[in-house]
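User: Please take a close look at a single strand and describe how it sits among its neighbours.

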Amino acid sequence: MTAVVQDRYGPAPEGLLRIGRIAVPPIGDAEVLVRVHAASVDRGTWHVMAGLPYPVRLAGFGLRRPKYLNPGRSLAGTVEAVGPGVTGFAPGDQVYGTCNGSFAEYVTVAVDRLAAKPANLTHEQAAAVPISGVTALQGLRDRGRVRTGQKVLIVGASGGVGTFAVQLAKAFGAEVTGVCSTSKVDLVRSLGADHVIDHTTGDVADGQRFDVVLDTGGHRSLRRLRRTLTRRGTLVIVGSETGGRWLGGFDRTIRAMLLSPLVRQRLAPLASSENAADLVVLTGLVESGRVTPVIDRTYPLEEATAAIRHLLDGRARGKLVVSVSPGRTQTPATGSTP
């Protein structure tokens, strides 16, 4: 099969990722072989590709060399074959979910990270949902505990997680304010945000107070973000990017965890958990029309490098998708190289 291949870690996709011909992976007992139609790119894609910050490698992605053939981690496609211990999925099912190595024509996926694809989405749209959608859902529902009538601030509202977060917060009945750059104000407003702050001309801590703040972008200080909260408000930290090799922004998360027991406000860093149950929740929200993935651009598999570069340049509006050739129409023999 055709796949993106990575033999070493590196911070730049150019010269690191290549297209190769490799064997179709064997199916485990509780796994499904999926013919990939589309995958998506997010900040986690870069972390897995670069192996940075270094704790990423300790999380199971390989200490000295990448453990998986490529950094793709989300997908939408068609079930080709199922393992002997699998129930609930059959060849021909349209699915979406998360895995390791999704920039390829075929990939094996654990059944607890897979769900039926929303019927009203294309494969390209569906591939944009699993990582960013689940992160936004868990950040608002589980960590932020957003309720009807609350005021919610989404920092980084035009990004992959942010575009889902704006829509989910509205679906939960909140009054939503989004923070983004000038060129993306129209996008955030179109997602249903009640108010939009252009961070190039306004300050997110300019006298306003919010019940929940979801910070998905930049590296604003805890002090600055806490000034935007009510006395018992909740700050949810989804990501932080400083470029450091050892912590890469995780130091802010550590400080938040240490400070939270000492203050009235809840400082709640999020480490999202990929699971099928939350994909089912998102499917319901998507099929009801309350959540729609926002796709900036779609790249062919051969241009996965360009998709990652576009993400790193910070110009994306919503999600970037990699369209994968559907491959053979019949089920390939695992371990073969079709």
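Analyst: What follows is a description of one strand, its partners and its surroundings. The model is a predicted one, in which local features need pLDDT of at least 70 and side-chain atom pairs count only at pLDDT 80 or more, while totals for chains, interfaces and linings use all residues. Residues are numbered from 1 along each chain as its sequence is written, and side-chain values use heavy atoms, with hydrogens and water left out.

The strand is β11, residues 210–215, where strands (E, at least two residues) and helices (H or I, at least four) are DSSP runs numbered from the N terminus. Five of the six residues of β11 are buried, that is, under 20% relative accessible area with a 1.4 Å probe and protein chains only.

On one of its pairings, β11 runs parallel to β8 (residues 151–155), joined by four bridges, and here Val213 stands opposite Leu153; two strands count as paired if DSSP finds at least two bridges between them. Five bridges join β11 to β12 (residues 229–237), again in parallel, with Val213 partnered by Leu235 and Leu214 by Val236.

These pairings belong to an open, parallel sheet of six strands in the order β10-β9-β8-β11-β12-β13. Its edge strands, each pairing on one side only, are β10 (195–198) and β13 (266–269). From one strand to the next the twist averages 15 degrees, with angles taken from 0 to 180 degrees between N-to-C directions of axes fitted to C-alpha atoms, for helices over the stretch in contact. Helix α5 (residues 160–171) packs on this sheet, touching β11 as well as β8 and β9 (175–180), and its direction makes about 170 degrees with that of β8; contact means heavy atoms within 4.5 Å.

How values were computed
Buried < 20%, exposed > 50% of the residue type's maximum accessible area, 1.4 Å probe, protein only.
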